[in-house]
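Trainee: I have a protein model to read today. Can we go through it together?
Mentor: Yes. Here it is.

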Amino acid sequence: MTGDLLSESSVGAVEQPLVSLRGATLSYGQRALWADLDLDLCPGEFVAVLGPNGSGKTSLLRVLLGLQKLSSGRLTLPGGDHKVGYIPQQRAVDPSITLRGRDLVALGYDGHKWGVGLKGMRTRRQRVDEAIRAVGATAFANRPVGLLSGGEQQRLRVAQALVSDPAVLLCDEPLLSLDLAHQRAVSELIDKRRTEADTAVLFVTHEINPILPLVDRVLYLVDGRFRIGAPDEVMTSEVLSELYRTQIDVVRVRDQIIVVGAHGAVESDQPHHLQARSD
Ligand SMILES: Nc1ncnc2c1ncn2[C@@H]1O[C@H](COP(=O)(O)OP(=O)(O)OP(=O)(O)O)[C@@H](O)[C@H]1O
């Protein structure tokens, strides 16, 4: 139930991490989702978290958000407390919800602030407007969230996470149900934040290809086992076969990674990007 740390050295320059996990284990009852996990998240780093359904990706975000206690091990913030932006998994919004798009974004700015006063209100409006502009949502920000398309709602969720000026951005499958154009737009927005503000990004996804050029390291979780390293180190036939405990073939086609598994190899745990092998 342990994982090997393939490449802490591949992080590059020695930097003080914003978030650090040491020997982190999360169990529900007898089942360890992951155990002995060491992970540092440094400024400007983009870490993708992959793994089949139920492997503990969202639970990892919940631990980092302070919503879930570790069963053992330590979570530390070596540089002190930081602002954290969170893009939650998409959920269907009730069409009768009258909250406007800009109100949703403003919730991200308000955070724990109360009684901001008149001057504060002006700054708040400016910051919210900027965030809405940055995600290209100005045209629909005054409409009720419930009447917006999935892609439009997702852009507003990104704005909500970014408006708080986060040092760490936690994203839970932010590309889910977006078309290719919106996948690209949302990935670019997150990457822009990372490069311009040195924000660290932890990005849960089932599909690495849309973000492959942005990824520094991959954390791949399968059934309590895990690997951490650069995409070229982790996304290999050898490593994934070991994680899934069955033959997995990883092939590169142009700039895409195609993962091919044996029929029925991972059953209901089959990740979205795992293609059935035809032999
Ligand atoms: N509070 C809890 N108590 C007990 N079990 C839980 C709790 N929260 C999550 N789980 C279980 O832990 C497992 C991991 O859940 P989690 O949501 O972290 O997986 P995931 O990798 O994000 O999955 P998906 O890809 O489907 O979103 C699941 O089997 C889930 O049912």
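Mentor: Start with a definition: a residue is buried if 20 or more other C-beta atoms lie within 10 Å of its own. Keep in mind that this model is predicted.

Trainee: What share of the residues of the protein count as buried?
Mentor: Apply that cut-off of 20 or more C-beta atoms. The protein has 279 residues. The share that counts as buried is 38%.

Trainee: How many helices and strands does the protein have?
Mentor: Take the secondary structure as a whole. It comes to seven helices and 13 strands.

Trainee: Why is strand 7 largely enclosed by the rest of the structure?
Mentor: Look at both faces. In a regular strand the side chains alternate between the two faces of the sheet. On one side of strand 7, Val168, Leu170 and Asp172 are buried, and on the other Leu169 and Cys171 are buried. So strand 7 is largely enclosed because of its five residues, the number buried is five.

Trainee: Which strands does strand 7 join, and in what direction do they run?
Mentor: Four bridges join strand 6 (residues 84-87) to strand 7, with Val84 opposite Val168. Five bridges join strand 7 to strand 8 (residues 200-204), where Asp172 has Val204 as its bridge partner. The strands are strand 6 and strand 8, and both pairings are parallel.

Trainee: What is the order of the open sheet of three strands?
Mentor: Find the edges, where a strand pairs on one side only. These are strand 3 (31-41) and strand 5 (72-76). The pairing is antiparallel, and the order is 3-2-5.

Trainee: What does the twist of that sheet average?
Mentor: Go from one strand to the next. The twist averages 20°.

Trainee: Which residue stands opposite Ser20 in strand 5?
Mentor: Strand 2 (residues 19-28) and strand 5 run antiparallel, joined by four bridges. Opposite Ser20 in strand 5 stands Thr76.

Trainee: Which helix gives the most to the shell around the ligand?
Mentor: Residues around the ligand include Tyr28, Leu33, Asn53, Lys57, Thr58 and Ser59. Three residues of the shell come from one helix, spanning residues 57-64. That is helix 1.

Trainee: How many residues of the shell are nonpolar, polar and charged?
Mentor: Gly51, Gly54 and Gly56 are among the residues around the ligand, and Gly counts as polar. The shell divides into two nonpolar, seven polar and one charged.

Trainee: What share of the contacts with a separation of 6 or more joins residues 24 or more positions apart?
Mentor: Count along the chain between the two partners. For 24 or more positions, the share is 68%.

Notes. Residues numbered from 1 in each chain as written. Predicted model: local features only at pLDDT ≥ 70, side-chain atom pairs only at ≥ 80, totals over all residues. Near = placed C-beta within 6 Å. Helix = DSSP H or I, 4+ residues; strand = E, 2+ residues; numbered from the N terminus. Pairing = 2+ DSSP bridges. Axes fitted to C-alpha atoms, helices over the stretch in contact; angles between N-to-C directions. Buried ≥ 20, exposed ≤ 12 C-beta atoms within 10 Å, placed from the backbone. Contact = placed C-beta atoms within 7 Å.
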